[in-house]
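Visitor: I have a model open on my screen and would like to learn how to read it. Could you walk me through it?

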Amino acid sequence: MTAGAPIRYADLVLDDRVHDSVYTDPQIFEEEIDRIFHHGWVFVGHEGEVPEPGDYRSRELGRQPVIFARGDDGVVRVLMNRCTHRGAMVCPYERGNSRFFTCAYHGWTFRNSGGLVGVPHPEQYGDSFDRDALGLRPVPRCDSYRGFVFASLSVDVVPLVEHLGPRVLAEMDIAGDLSPSGRLEVTAGVHKFGYGGNWKLQLENSVDGYHITHLHRSYFRIQEERSGRDAMRFATAASPALVHSLGNGHVAWDLSPAGFGGAAIERLRNTPGWPRDYYDLLVSAHGQARAHEVLSHGAGHVAIFPNLVIIASQLRMIRPVAVDRTEVFIYPTLLSDVPPEMNEERLRRHESFYGPAGGGATDDLEVFERVTAGLRAKVDPWIRIDRGLGREVEADDGTVSAQITSELSNRAILGHWRRVMSGEASVRLSPRRSTEE
Amino acid sequence: MLDHHGVEQFLYREARLMDTHAYDTWLELWARTAHYWIPCNGDDIDVTRHVSLVNEDRPGLEDRVQRLKSGAHYAQDPPSRLSRVVSNVELDQHSSPDALVVHSTFNLSAHRRRRLDVVAGRVTHRLVLEDGQVRIATKKVVLVDNDDTIMNLTYLV
């Protein structure tokens, strides 16, 4: 495609508003794929999806196909899904278990760890033919934390732990430590849905505290009638719950000030059967202080730039398809070594809200399409993200916090987006700059 | 309980109630203890370990209907325009006098906001008598695309 004039990203994301072209301009989308998805850390999958040797999943980094596989040696790798001979995709399936990937074209065969082991009729190749040098190409950078596997198609990135930062790592610790053995099982399948709209709409929405009481009221009012509890209280303008900007475009909710976790602990302790059993297992595994800390955290929502959201019982992967087309894959997580009834309960609760037939997430997708339709009206091209601006509090570690319905979340995500897109963010900057630059 | 013709009429009636968003009347077709199941990522998954698209008991069904009637379930505002053909109705040999197992197929056109989706699948109903009325005890819907991306399945199938 022919590129237009250079895009001045600093003019598109301001402190209090964002220009609609950020969500609608095809040239900007192409540059996002290049700079964010082909040159930065991208979430690939969780090791709990491929627990056995030979387990694999086909994934995409931006537009580039990769195989996320556990080799027979037990090592999880991210390999380019392309035969080193003539380029055909060697793994056409979305998931499975295989010791080998065999190219359909000429039969070149690769181990699930990448090495080339079979070349039919090799005698026509000369002595210089080096089979060992022709394995499936590993992704240039790959690293993981607590089973969360990230990859980068560029070697020129900061270390993963630096990209994530200590607060995101702590959120991943909590997600894992909800299991007594510290492990998540990501084998419960996937809800796949999508919408006609830009990928950032889903990323921002995942930590948008302001929409809950309106957009999701048809879901939560029924919950309230059934439970007798005020299910939306955490997301009112008077709620003490917080949203934190953790740096590098990562954002997390903190519902513990709203007493969410304390109530959850009491319910677990006082309900005989699996709830009490789970509480006891968690306390004996982690000690009471850590168990309470993990449970008090409440239903965490953590958006990890650019394509991962961790919610209490799910991993959500966002896949940009086109400027106005996005796919969302939601993987419900099971906790390892807990009473089976608890995982069943997690799945049933998940199904009621999420997925293409769910009662909540479908309304989010509907709104993303309404936003996309509305943005065709160009008299005023600005989108406002100024709710709570100037009311943030900065902690010593650089974390910026605000009331849960603040649009700090949008400012943090889009502020980082602007720095990446304008080429400023190859090094980790302080979170402060994401909101006050 | 019902002969083949009666079973067909029952399924056609259910289809019409779903097509016309007659939520309360549709709910009346269900037994007091019910299970409505649309598997995800496969046809015969273990629901204790695997997520479904829909896996609801009677209270879950009532919640779904209440949401659809709330006027605030935006994914069905406006509602999809629906028309489905139900066919290949077959009484399973495992049917008993008090519980009919019925297989059928459906092909549904769903139109909403300039998009026409085709939804197709195989359905198994288990029909029982309750207070002298035929009621749906269980319904399993196997969508042909249950392992693919589905944009909006908030209408009744």
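Guide: We will go from the whole chain to its domains, then to a sheet and a helix. Keep in mind that this is a predicted model.

Visitor: Which helices and strands should I expect, in number, in chain A?

Guide: Chain A holds 13 helices and 23 strands. To judge how they are packed, look at the radius of gyration: for chain A it is 23 Å, close to the 22 Å that the globule rule gives for 437 residues, so the chain is as compact as a globular protein of that length. The C-alpha trace spans about 75 × 60 × 40 Å along its principal axes, and buried residues make up 49% of the 437 residues.

Visitor: Into which domains is chain A divided?

Guide: There are two entries to find: domain 1 covers 43-145 and domain 2 covers 162-436. Their centres, taken over C-alpha atoms, are separated by 33 Å. For the contact between them, seven residues of domain 1 meet 14 residues of domain 2. On the domain 1 side, the touching residues divide into three nonpolar, two polar and two charged.

Visitor: Now the sheet. How do I read the order of its strands?

Guide: Strands of a sheet pair through backbone hydrogen bonds, either parallel or antiparallel. In chain A, an open sheet of nine strands follows the order S13-S19-S18-S17-S16-S15-S14-S23-S22, with antiparallel pairing.

Visitor: Why is one side of S13 and of S22 left without a neighbour in the sheet?

Guide: Strand S13 (191-195) and strand S22 (393-394) of chain A stand at the edges and have a single partner strand each, so one side of each is left without a neighbour in the sheet. For a pairing inside that order, try S14 (residues 242-247) and S23 (residues 400-403) of chain A, which run antiparallel and are joined by four bridges. One place to click is A:Leu242, whose bridge partner in S23(A) is A:Gln403.

Visitor: And a helix? What does H10 of chain A pack against?

Guide: Start with its length: H10 (residues 340-353) of chain A has 14 residues and reaches 21 Å from first C-alpha to last, close to the 20 Å expected at 1.5 Å a residue. Next, find its buried residues, which are A:Asn343, A:Arg346, A:Leu347, A:His350, A:Glu351 and A:Ser352. Those residues pack against strands S18 (314-322), S19 (325-332) and S20 (334-335) of chain A, together with strand S2 (52-57) and helix H3 (58-69) of chain B. Strands S18 and S19 also belong to the sheet we just read. Finally, just after H10(A), look for A:Gly355, which takes a positive phi of about 85°.

Conventions:
Residues numbered from 1 in each chain as written. Chains lettered and ligands numbered in written order. Predicted model: local features only at pLDDT ≥ 70, side-chain atom pairs only at ≥ 80, totals over all residues. Helix = DSSP H or I, 4+ residues; strand = E, 2+ residues; numbered from the N terminus. Expected span 1.5 Å × (residues − 1). Buried ≥ 20, exposed ≤ 12 C-beta atoms within 10 Å, placed from the backbone. Contact = placed C-beta atoms within 7 Å. Rg over C-alpha atoms; globule rule 2.2 N^0.38 Å. Domains from an automatic or database assignment. Nonpolar A, V, L, I, M, F, W, Y, C, P; charged D, E, K, R; others polar. Pairing = 2+ DSSP bridges.
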